[in-house]
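This report describes one protein chain, starting with a local feature and moving on to the fold. The sequence and structure are shown first.

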Amino acid sequence: MELTLNIYDHAVITKVYKAETYEIKFGTIEDLLEVLDIEKMNDEMELAKMVLQILPKVKPFLKDVFPGLTDEELRNTRIKEMVQVFIELFKYSVDEIKSIGTGEKN
């Protein structure tokens, strides 16, 4: 799974951060469970709303996923892309958790 986060100067991409994979830490899962409604996880609009509720915690999380990412660069990325990265990571993590019970490896 490749994750990508673009940094913009107006409409021009000035930098691209990439990460091959990321393992969500238990503390992050705890934070997520406070606001996520599992029944709405397949609705990307609802998931985006939930992510916006935890935006203050998303910032350090993204800086962990993309080493070297700065606060200023985060100010110059698009929220839609930040939310998409978060959605991809969460879905990947849920799939990994599911595979524990089945013995499968994704």
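## The hairpin

In this predicted model, strands E1 and E2 form a hairpin with two residues between the strands, where His10 takes a positive phi near 60°. His10 is a residue other than glycine, and its phi is positive all the same. The residue lies in the loop between E1 and E2. His10 counts as exposed because its relative accessibility, 73%, is over the 50% cut-off.

The two strands run antiparallel, and seven bridges join E1 to strand E2 (residues 12-19). Within this pairing, Thr4 stands opposite Lys18 of E2. Strand E1 (residues 3-9) is mostly covered, with five of its seven residues buried. In a regular strand, side chains alternate between the two faces of the sheet.

## The chain as a whole

The protein chain has five helices and two strands. Along the sequence their order is β-β-α-α-α-α-α.

Of the chain's 106 residues, 38% count as buried. The accessible surface comes to about 6,800 Å², and carbon and sulfur atoms hold 55% of that area. Among contacts with a separation of 6 or more, 59% are between residues 24 or more positions apart.

## Packing of H2 and H3

Two packed helices are described by the angle between their axes and the distance between the axes. For helix H2 (residues 44-53) and helix H3 (residues 55-65), the angle is about 85° and the axes are 5 Å apart. H2 is therefore roughly perpendicular to H3. On the H2 side the contact is made by Val51, Leu52 and Gln53, and on the H3 side by Leu55, Pro56 and Val58. By residue class, the contact of H2 with H3 has five nonpolar residues, one polar and no charged.

## Glu44 and Pro60

Each of these helices also contains a residue with partial exposure to consider. Glu44 is placed in helix H2 and, at 40% relative accessibility, counts as partly exposed. Leaving aside neighbours within four places in sequence, Glu44 is in contact with Gln84, Ile87 and Lys91. Glu44 and Val83 are 39 residues apart in sequence, and their C-alpha atoms are 9.4 Å apart in space.

Pro60 lies in helix H3. Its relative accessible area of 47% makes Pro60 partly exposed. The C-alpha atom of Pro60 is separated by 9.1 Å from that of Asp71, a residue 11 positions away along the chain.

## Thr77 in a helix-helix loop

Which residues does Thr77 contact, leaving aside its neighbours within four places in sequence? They are Leu5, Asn6, Ile7, Tyr8 and Met82. Strand E1 spans residues 3-9, so the contacts with Leu5, Asn6, Ile7 and Tyr8 fall within the numbering of that strand under the DSSP assignment.

Thr77 itself is found in the loop between helix H4 (71-75) and helix H5 (79-102). Thr77 counts as buried because its relative accessible area, 11%, is under the 20% cut-off. The two loop residues described here thus fall on opposite sides of the classification: Thr77 is buried, whereas His10 is exposed.

Notes. Residues are numbered from 1 along each chain as its sequence is written. This is a predicted model: local features need pLDDT of at least 70, side-chain atom pairs count only at pLDDT 80 or more; totals for chains, interfaces and linings use all residues. Side-chain values use heavy atoms; hydrogens and water are left out. Helices (H or I, at least four residues) and strands (E, at least two) are DSSP runs, numbered from the N terminus. Buried means under 20% relative accessible area, exposed over 50%, partly exposed in between (1.4 Å probe, protein chains only). Contact means heavy atoms within 4.5 Å. Accessible areas come from the Shrake-Rupley method with a 1.4 Å probe; for residues, only the protein chains shown count as cover. Axes are lines fitted to C-alpha atoms, for helices over the stretch in contact, and angles run from 0 to 180 degrees between N-to-C directions. Angles under 35 degrees count as roughly parallel, over 145 as roughly antiparallel, 65 to 115 as roughly perpendicular and the rest as oblique. Ala, Val, Leu, Ile, Met, Phe, Trp, Tyr, Cys and Pro count as nonpolar, Asp, Glu, Lys and Arg as charged, and the others, Gly among them, as polar. Two strands pair if DSSP finds at least two bridges between them.
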